[in-house]
Amino acid sequence: MITGASSYLGKALASYLCKGDNRVLLTSRRVCGELEKLKSDYVKYLPSLDLVDEMDLDILQRECGQFFHCGFHVINCVGYFPDYMPIETMRLEDAKKVLDSNILSVFGIANKLLPLMSNHGGCHFIGFSMHTAYQNYPYMAIFSAAKLALESFIKGVANEYLHNEVYANVVSLATLRTETEKRIKPYGDYENWLEADEVCNIVDNLINHSNGLINGSVIHAYKYSKTFFGESYLNRIKKK
């Protein structure tokens, strides 16, 4: 199952995994035409789901119980970044949206789906963080805090559900190579940013080689970048 499937990474993972006889359930908060085209006997798409709404989470739980007849994996792609923003100018509404999208939605999914996953074993629960969570960069405080909370939560999932053979990991990403990221980081090393296919390969490896050796680990995914390692963060973003 992929949540936030209408995001750039979510769509890439959907295209990557919706092949052959893989049973894949996709969710998004808004309707996405690209995801509608993927629907088949093996691919189910549930648009317009709010993953911090109890009733919508109950719908998701019911649909997963009916759709998956054996163990399944959960890939959490839901997330929200409001742009680089000083703390004093950020609205409380935006801060709540960051927390809802990046951590509370993942809790809601875990709360409803981990019991189903525990019935089968051999399942994987995956979330995505960012390397920025460790840097305490200016203009990203609430986003970094949300990603650190996500990492701590998924480590807790790993410990709590290991006896059910449900594994959990975080993939911590550097910048994905997208036009949106290029717009908000006009001075970054665009050529050395991560490609979506590289992240798909990491996820594929995790879900097809689940074991306890790396359970609970944060897997860091980034390439060498001269600007990342050699220049100030403030030189890479548009706020100077």
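Let me begin with Cys-18, which counts as buried because its relative accessibility is 18%, under the 20% limit for that class. I should say at once that this is a predicted model. What is the closest cysteine sulfur to that of Cys-18? It belongs to Cys-200, and the two sulfur atoms are 11 Å apart, which is too far for a bond. A disulfide requires sulfur atoms within 2.5 Å.

Cys-70 can be treated in the same manner. The closest cysteine sulfur to the one in Cys-70 is that of Cys-123, at 8.2 Å, so this pair is also too far for a bond. By this rule, the count of disulfides is zero.

Cys-200 leads us to the next topic, since this residue takes part in the contact of helix 7 with helix 1. Helix 1 covers residues 8-17, and helix 7 covers residues 196-208. The two axes come within 10 Å of each other, crossing at roughly 60 degrees. The two helices are therefore oblique to each other, and their crossing is right-handed.

Which residues meet there? From helix 1 come Tyr-8, Leu-9, Ala-12, Leu-13, Tyr-16 and Leu-17. On the side of helix 7, the partners are Ala-196, Val-199, Cys-200, Asn-201, Val-203, Asp-204 and Ile-207. Taken together, the residues of this contact comprise eleven nonpolar, one polar and one charged.

I now turn to helix 4, which spans residues 92-118 and includes Ser-105. Is Ser-105 buried or exposed? With a relative accessibility of 2%, Ser-105 counts as buried. If residues up to four places away in sequence are not counted, Ser-105 touches Leu-51, Val-52, Val-78 and Asp-100.

My last residue is Leu-162, and here the setting is a loop. Leu-162 lies between helix 5, residues 141-161, and strand 6, residues 166-173. Its relative accessible area is 40%, so Leu-162 is classed as partly exposed. Which residues does Leu-162 contact, once neighbours within four places in sequence are left aside? They are Tyr-167 and Asn-215. Along the chain, Leu-162 and Asn-215 are 53 residues apart, while their C-alpha atoms are separated by 8.1 Å.

To review, Cys-18 is buried, and the model has zero disulfides by the distance rule. Helix 1 and helix 7 make a right-handed crossing. Finally, Ser-105 in helix 4 is buried, whereas Leu-162 is partly exposed.

How values were computed. Residues numbered from 1 in each chain as written. Predicted model: local features only at pLDDT ≥ 70, side-chain atom pairs only at ≥ 80, totals over all residues. Heavy atoms only, no water. Axes fitted to C-alpha atoms, helices over the stretch in contact; angles between N-to-C directions. Helix = DSSP H or I, 4+ residues; strand = E, 2+ residues; numbered from the N terminus. Parallel < 35°, antiparallel > 145°, perpendicular 65-115°, else oblique. Left-handed = near helix turned anticlockwise from the far one by under 90°. Contact = heavy atoms within 4.5 Å. Nonpolar A, V, L, I, M, F, W, Y, C, P; charged D, E, K, R; others polar. Buried < 20%, exposed > 50% of the residue type's maximum accessible area, 1.4 Å probe, protein only.
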